[in-house]
Amino acid sequence: MESVVSQLEGTLLKDPNPFSYFMLVAFEASGLIRFALLLLFWPVIRLLEILGMDDAGLKLMVFFATAGLQVSEIESVSRAVLPKFYMDDIDMEAWKVFSSYDKRVVVTKTPRIMVERLVKEHLRADEVIGSELVVNRFGFATGFIKGDIASVSNRVAKLFTDDEPILGLGRATSDFQFFSSCKERMHPPFITNQNLQEHQLLRPLPVIFHDGRLVKRPTPSTALLILLWMPLGILLATIRIVVGLMLPMRAIPYMSRLFGGKVIVKGKPPPPVSGSSSGVLFVCTHRTLMDPVVLSAVLIRKIPAVTYSISRLSEMLSPIPTVRLTRIREVDAEKIKRELGKGDLVVCPEGTTCREPFLLRFSALFAELTDRIVPVAMNYRVGFFHATTARGWKALDPIFFFMNPRPIYEVTFLNQLPVEATCSSGKSPHDVANYVQRILAATLGFECTNFTRKDKYRVLAGNDGTVSRPSFVDQVKKVVRTFKPCFQ
């Protein structure tokens, strides 16, 4: 069995410096204070690297990013947040070489807990060898790591006691000593030959679900920009929300441009229903909780939206009526029918948001209830903060959305489904739902999947996404847990 051993930083990843990933752990697992503190020590860390004391710089990063954090919280961030940012930095030429071998081992200076999910699930490696965090008996990280770079190299040697690895991939200036035991060595930049490209049938598994509030990887310059923008962003979000609640719906599109927002509209929206006819059901892709609000602003009328798991605060801040579902099929069907009898309605059949260019499986319930279906392709772009979360406090979703300097929404109206494409022509609800999913995916250039809300929450939060009505005490505890890390 041919084997390859590759360094992660600077080889499989283009960036040799792991500082930005520790910044992500600091922000997502702890809060703004730890994030700012680690950035404050970046010049010291950089100086140690210039002096050739990379090991000391790494230990300083690990300490400030993890000391005092629960290991379960670090694992959660490593599972839900980090893989997306790692995958954006993958060197595909290095990956082509790496994936062409039967046994694949990745070596890293970063604590193993931070990279294991990426390496094993997305890069399809068999083993990952990295530093190990020291954890106390209460399950909290002490901020220290076991051993040093030499100990990591020793563990690689033990893994290949019977047979030497065929190829070692790593930087020419690497401190790892395992290269000496490899029969061949390659250093970046990698140039793959035609045979390797033909062999490349294996692809890195894409990241479909990811969590976290930060849109961009917090390099030192980006992190500083985020910190400087934060107070301005909070002020801007407050103004946007207050103005949006005070103004009539017809004025919102004009005011959004004044405050830096932009809405791009494509296609022809249907006119309002007249007389006693049943309302139109707008079937939207689900990118953020702002989807139905933006749709109402474009149509210049308040259209009720079907919701499931948005927070009570988001409901109170919503400028449009909301219809909370129960996930009991018969009850929900009756609610939707009743609302359609009153007029138009917005539904997002994915049941949850997805940030990446994928559409989750559409629930077929909407197709059973009406034939007046208008698909609407929604998409958005933001610069600093994501407006969705699976692990965090959902009540902050609208605030984070409006904290972005220039949020942009794209709304594309497709034609109303012809009768022959609905259940009236004898098609099953599942066929109709799948058809709507396909045409919306084609419009956006996205890919259809069979993943559901439960799949998303199992990956990101370790649960099935079921929402129960919490007691007042539970809500207070959740608020305390949300803000407590900011003071660690």
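This is a friendly chat about a predicted model of one protein chain.

Reader: Hi! Let's start simple: how many helices and strands does the protein chain have?

Author: Hello! The protein chain has 21 helices and 15 strands.

Reader: And what does the C-alpha trace span along its principal axes?

Author: The span is about 80 × 50 × 40 Å. The radius of gyration of the protein chain is 25 Å, and a compact globule with 488 residues would have one near 23 Å, so the two agree.

Reader: What share of the residues is buried?

Author: Of the 488 residues, 51% are buried. As for the surface, the protein chain exposes about 22500 Å², and carbon and sulfur atoms supply 57% of that area.

Reader: What about contacts: how much comes from residues 24 or more positions apart?

Author: Counting contacts with a separation of 6 or more, residues 24 or more positions apart account for 74%.

Reader: Okay, new topic. Is helix H2 mostly enclosed or open, and why?

Author: Helix H2 covers residues 19–29, and 11 of its 11 residues are buried, so the helix is largely enclosed by the rest of the structure. Among the buried residues are Phe 19, Tyr 21, Phe 22 and Leu 24. Ser 20 and Glu 28 are buried in H2 too.

Reader: Which glycine follows H2?

Author: That one is Gly 31. Its phi is positive, near 155 degrees.

Reader: Do tell me about Met 403. Where is it found?

Author: Met 403 is in the loop between helix H18 (397–402) and strand S14 (408–413).

Reader: Is Met 403 buried or exposed?

Author: Met 403 has a relative accessible area of 3%, so it counts as buried, the cut-off being under 20%.

Reader: Which residues does Met 403 touch?

Author: Leaving out residues up to four places away in sequence, Met 403 touches Trp 229, Met 230, Gly 233, Ile 234, Ala 237, Arg 240 and Phe 385. Take Ala 237: it is 166 residues from Met 403 in sequence, and the two C-alpha atoms are 4.9 Å apart in space.

Reader: Switching again: how many cavities of 30 Å³ or more does the structure hold?

Author: The structure holds one. About 70 Å³ of space lies in the largest cavity.

Reader: Which residues line the largest cavity?

Author: The lining includes Ile 208, Phe 209, His 210 and Asp 211. Thr 353, Cys 354 and Arg 355 line the cavity as well, and so do Thr 388, Thr 389 and Ala 390. Lys 456 and Leu 460 complete the list.

Reader: How do those lining residues divide into nonpolar, polar and charged?

Author: Five are nonpolar, four are polar and three are charged.

Reader: What about the backbone: which peptide bond is cis, the one from Pro 188?

Author: Yes, the bond from Pro 188 to Pro 189 is cis, with omega near 0 degrees. Pro 189 lies in the loop between strand S6 (184–186) and helix H11 (194–199).

Reader: Last one: what is phi of Arg 124, and of Arg 327?

Author: Phi of Arg 124 is near 60 degrees, a positive value in a residue other than glycine. Arg 124 sits in the loop between helix H9 (112–122) and strand S3 (127–135), and is partly exposed, with a relative accessible area of 26%. For Arg 327, phi is positive as well, near 70 degrees. Arg 327 is in the loop between strand S10 (322–324) and helix H16 (329–342), where it is partly exposed, with a relative accessible area of 43%.

Technical notes. Residues are numbered from 1 along each chain as its sequence is written. This is a predicted model: local features need pLDDT of at least 70, side-chain atom pairs count only at pLDDT 80 or more; totals for chains, interfaces and linings use all residues. Side-chain values use heavy atoms; hydrogens and water are left out. On a 1 Å grid over the protein atoms alone, a cavity is a set of points where a 1.4 Å probe fits but cannot get out, and a pocket is an open set with protein on both sides within 12 Å along at least five of seven lines; lining residues have an atom within 4 Å of a point. Grid points are joined across faces, edges and corners, and a volume is the space filled by probe spheres set on the points. Ala, Val, Leu, Ile, Met, Phe, Trp, Tyr, Cys and Pro count as nonpolar, Asp, Glu, Lys and Arg as charged, and the others, Gly among them, as polar. Helices (H or I, at least four residues) and strands (E, at least two) are DSSP runs, numbered from the N terminus. The radius of gyration is taken over C-alpha atoms; the globule rule is 2.2 Å times the number of residues to the power 0.38. Buried means under 20% relative accessible area, exposed over 50%, partly exposed in between (1.4 Å probe, protein chains only). Contact means heavy atoms within 4.5 Å. Accessible areas come from the Shrake-Rupley method with a 1.4 Å probe; for residues, only the protein chains shown count as cover.
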